[in-house]
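Student: I would like to learn how to read a structural model with some care, going from the overall fold down to single residues. Could we work through one together?

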Amino acid sequence: MSCPNGGEDAARAFYGGVLGLPEVAKPPELAAGGGCWFRAERAGLTIELHVGVEPDFAPAGKAHPAFLVDDVDAVAADCSAAGFPVTWDGRFPGYCRFHTADGNGNRVEILQVDGSVSPPAAPSAPSVPVR
């Protein structure tokens, strides 16, 4: 992900505040360039989301991270309460999902297996804890 100069607080408000992903310190050699990192661990799986500063920033409109959660409705409510858009999308059989935008306008997908249809075969991976 990326953000404009000074966009770190907006990233923190979404990824840390709404999704509850813990922020981790960047190595000193990289911290001078700005940005912020988040990390979550569950069942032996660790994900890191790196938000970097881009001088000619443009929000990602198509490419995006997707977060598999245990309670999509609760995350949607948290997004709405914090002022982030929630656009539901029923075009992925077997999943309940919505798209939102992080504090810098980047597209983000939040989804939950809904159990009505067997999800596509994929490596077994636990959902990462987001709020």
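Tutor: Let us begin with the surface, keeping in mind that this is a predicted model. The chain has an accessible surface of about 7000 Å², and carbon and sulfur atoms contribute 55% of that area.

Student: How many helices and strands are there in the chain, and what pattern does the chain follow along the sequence?

Tutor: The chain contains three helices and eight strands, and when these are read along the sequence they give the pattern β-α-β-α-β-β-β-α-β-β-β.

Student: What share of the residues counts as buried, and what share of the contacts with a separation of 6 or more comes from residues 24 or more positions apart?

Tutor: The chain has 131 residues, of which 37% count as buried. Among contacts with a separation of 6 or more, 56% are made by residues 24 or more positions apart.

Student: Let us turn to charged side chains. What is the general idea behind a salt bridge, and how many does the structure hold?

Tutor: In general, side chains carrying opposite charge can pair when their charged atoms come close. In this structure there are seven salt bridges, and one of them joins the side chains of R12 and E23, with a distance of 2.8 Å from N to O. R12 belongs to helix α1 (residues 8-18) while E23 belongs to strand β2 (residues 23-24), so the pair ties together parts that are eleven residues apart in sequence.

Student: Are R12 and E23 buried or exposed?

Tutor: The description for each is in between: R12 is partly exposed at 30% relative accessibility, and E23 is also partly exposed, its relative accessible area being 39%.

Student: Which residue forms a salt bridge with E48?

Tutor: The partner of E48 is R39, and the closest N and O atoms of this pair are 2.4 Å apart. E48 has a relative accessible area of 35% and is partly exposed, and R39, at 30% relative accessibility, likewise counts as partly exposed.

Student: Which residues are linked in a network of salt bridges?

Tutor: The network links D89, R91, R97 and E109. Within that group, the side chains of D89 and R91 meet in a salt bridge at 2.8 Å, N to O. The two partners differ in their setting, since D89 counts as buried at 10% relative accessibility, whereas R91 is exposed with a relative accessible area of 66%.

Student: Next, the backbone. Which residue has a positive phi although it is not a glycine?

Tutor: That residue is A43, whose phi is about 50°. A43 sits in the loop between β3 (36-42) and β4 (45-53), and at 70% relative accessibility A43 counts as exposed.

Student: Finally, I would like to follow one residue inside a strand. Where is T100 placed, and is T100 buried or exposed?

Tutor: T100 is found in strand β7 (residues 95-101), and with 6% relative accessibility T100 counts as buried, the cut-off for that term being under 20%.

Student: What lies 2.4 Å from a polar atom of the T100 side chain, and with which residues is T100 in contact beyond its neighbours within four places in sequence?

Tutor: The backbone oxygen of P85 lies at that distance of 2.4 Å from a polar atom of the T100 side chain. P85 also appears among the contacts of T100, which, leaving aside neighbours within four places in sequence, are F14, C79, F84, P85, N106, R107 and V108.

Conventions: Residues are numbered from 1 along each chain as its sequence is written. This is a predicted model: local features need pLDDT of at least 70, side-chain atom pairs count only at pLDDT 80 or more; totals for chains, interfaces and linings use all residues. Side-chain values use heavy atoms; hydrogens and water are left out. Helices (H or I, at least four residues) and strands (E, at least two) are DSSP runs, numbered from the N terminus. Buried means under 20% relative accessible area, exposed over 50%, partly exposed in between (1.4 Å probe, protein chains only). Contact means heavy atoms within 4.5 Å. Accessible areas come from the Shrake-Rupley method with a 1.4 Å probe; for residues, only the protein chains shown count as cover. A salt bridge is a side-chain nitrogen of Lys or Arg within 4 Å of a carboxyl oxygen of Asp or Glu. A polar contact is a pair of N or O atoms within 3.5 Å; within protein, one must be able to donate a hydrogen and the other to accept it, and residues adjacent in sequence count only if both atoms are side-chain atoms.
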